[in-house]
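Hi,

Here is the structure I promised to pass on. Have a look at it first, then read my notes below.

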Amino acid sequence: MTTFREALALLGTSVPDHLTADAEVPVLAGPQAQGDLLVFRRAAPATVEWLPLPAGGLRLVHGEATGNTHWLHAGFGSDGVRWARSTAGPPRLALLHVPDGQTALLIHTDEHGANGIGPGTYAIHRKRELSIPSTAETVTEVRLVTD
Amino acid sequence: MIGATVERALRPRPLSAAERQSIVDALRRCHEEAGLPWHANVRWTPSPSATAVAGALRARASRRPLTFRDRLRRRRPPPEPAPDDTWKRLEARLRQPWDAAPWPLCMPGVVFDENHDPLARVRDALADDLDRAGAPPDRFDGALDGRLVLIPVIAGMGPLGAPADEPMLRAFADASRAGPWWPRAHVTVVSEPPTRVSVERLGELTYRLHDADGPAMAWSDGYALHRYRGTAVPADLIGSGWHGSAVHRHPNSEVRRAGIERIGWARYIAEAGWRLVGTAPDPGNEPHSLYLYEDPSAREAVRVLVMTNGSPDRSGEPRRYAEAVPARFTCPVEAAAWQYGCPPRVYRKLRRRT
């Protein structure tokens, strides 16, 4: 099992004081959320181009206001983990494939900690909200949430 | 570099006696360049407000004793003198360099174009306010159809760069340390620069007026513009500390939008008395729940979902988020699923939220 400290160490980041460093990161195959991201099982289209994750992790979302980032990382001994860009547009951010016996990590550089993702194929979605209405005539626009 | 120049120009300071003199001199040169006689009669107003300017235009030009007729007339204020063609002739002379030279005129060291006038929004905000209050339109405020962006000046703040080597442009730019000015055949009314300017930087070359806690632009006589991120907002709304009920009561949707942006949905729905439509446990996020609210006046075409963060933030407190969702939702879980773009049955099975 991976602890929170070990997960953050992959990114060269230390654990925020208010969180428990030695907490184990549960590895799940069911849907789970990390702040404004949601990971759930979803078959990938046959045409997607699977790519290995960069050694330092893939920066999925960078919070402009806070400077915090959601990273997707192949974790420990999981070099078979693949990701693909989504062509579906927002809110789908990326697709993820974790082979049997391996684990991907979704790691947030601040309060959201780390989530372990077990074998399977997943979609990673980003939260959205309606923007504040301006005029009655305006079609209410949708925007992505940044945390 | 340009940013620093603009920001320096936006730092208001009162005019010195020498600057006042050089403004008057520049106005004289403008008249001479346009072939107009110089009346040497400059009246200063503490602000460009419509009332201050109307008063200065009405004031008697000479100190000769009042006649019997004048005394009869004093019972009501003298009529505002009708605009004459002074402004038109100055403006025509100002345009000459563009008619003569190929577009664009170059200015050493500074590159601006029509789309990158850093102070256009600031200038437009003041112009809109003056127009709405009925200030006479025959004024100069540092721009000409937005074309004088080549010498980006804003009245009261001076030129941002050296103007092209052309006597009229030079004189016009030299006058721009003054606020907006109104030229007439027998008098020129010149307003003082503002005492306060508060802007928000939108991009490298874009600024707009912004102050959430006070006037974004103010003058010594109390004339002021209130702007929240460029949106005109009532002074009393700012004075109330943006109370949600005051924001909610405001009929203008742009003002409400600014208010909601300022205080956030969470405070807004509480203070404006939004109604709870439904609540449900947040799957994977025990012990927290989801709350869905609606506008009791049914005016806003959205509902608001309140959700609690899965992890405490650095203060140790769980942070709550209130975000707008389509008004069609009556079930908070379905609204949350919409936010993440997943089927509600997937969201209901959420195992863990961090």
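Let's start from the outside: chain A has an accessible surface of about 6,500 Å², and 50% of that belongs to carbon and sulfur atoms. Keep in mind that this is a predicted model.

Now the charges. Chain A carries 11 positive and 15 negative side chains, and if you take the centre of each set, the two centres are 8 Å apart.

How many of the residues are tucked away? Of the 147 residues in chain A, 56% count as buried. As for overall size, the C-alpha atoms fit a box of roughly 55 × 45 × 25 Å along the principal axes. The radius of gyration of chain A is 16 Å, which agrees with a compact globule, because one with 147 residues would come out near 15 Å.

What is chain A built from? You'll find one helix and 13 strands. Walking from the N terminus, you meet the helix and then strand after strand, in the order α-β-β-β-β-β-β-β-β-β-β-β-β-β. Looking at contacts in chain A with a separation of 6 or more, 59% are between residues 24 or more positions apart.

Finally, the partner chain. Where chains A and B meet, 36 residues of chain A touch 35 residues of chain B. Lys127(A), Leu130(A) and Ile132(A) are the ones in chain A that lose the most area to chain B, together 21% of what that side buries. The area buried between the two chains is about 3,100 Å², with 55% given by carbon and sulfur atoms.

Have fun exploring!

Definitions and conventions
Residues are numbered from 1 along each chain as its sequence is written. Chains are lettered from A and ligands numbered from 1 in the order in which they are written. This is a predicted model: local features need pLDDT of at least 70, side-chain atom pairs count only at pLDDT 80 or more; totals for chains, interfaces and linings use all residues. Side-chain values use heavy atoms; hydrogens and water are left out. Helices (H or I, at least four residues) and strands (E, at least two) are DSSP runs, numbered from the N terminus. The radius of gyration is taken over C-alpha atoms; the globule rule is 2.2 Å times the number of residues to the power 0.38. Buried means under 20% relative accessible area, exposed over 50%, partly exposed in between (1.4 Å probe, protein chains only). Contact means heavy atoms within 4.5 Å. Accessible areas come from the Shrake-Rupley method with a 1.4 Å probe; for residues, only the protein chains shown count as cover. Lys and Arg count as positive and Asp and Glu as negative; His and the chain ends are not counted. The place of a charge is taken as NZ of Lys, CZ of Arg, CG of Asp or CD of Glu. Buried area is the accessible area (1.4 Å probe) that two parts lose on being put together, summed over both.
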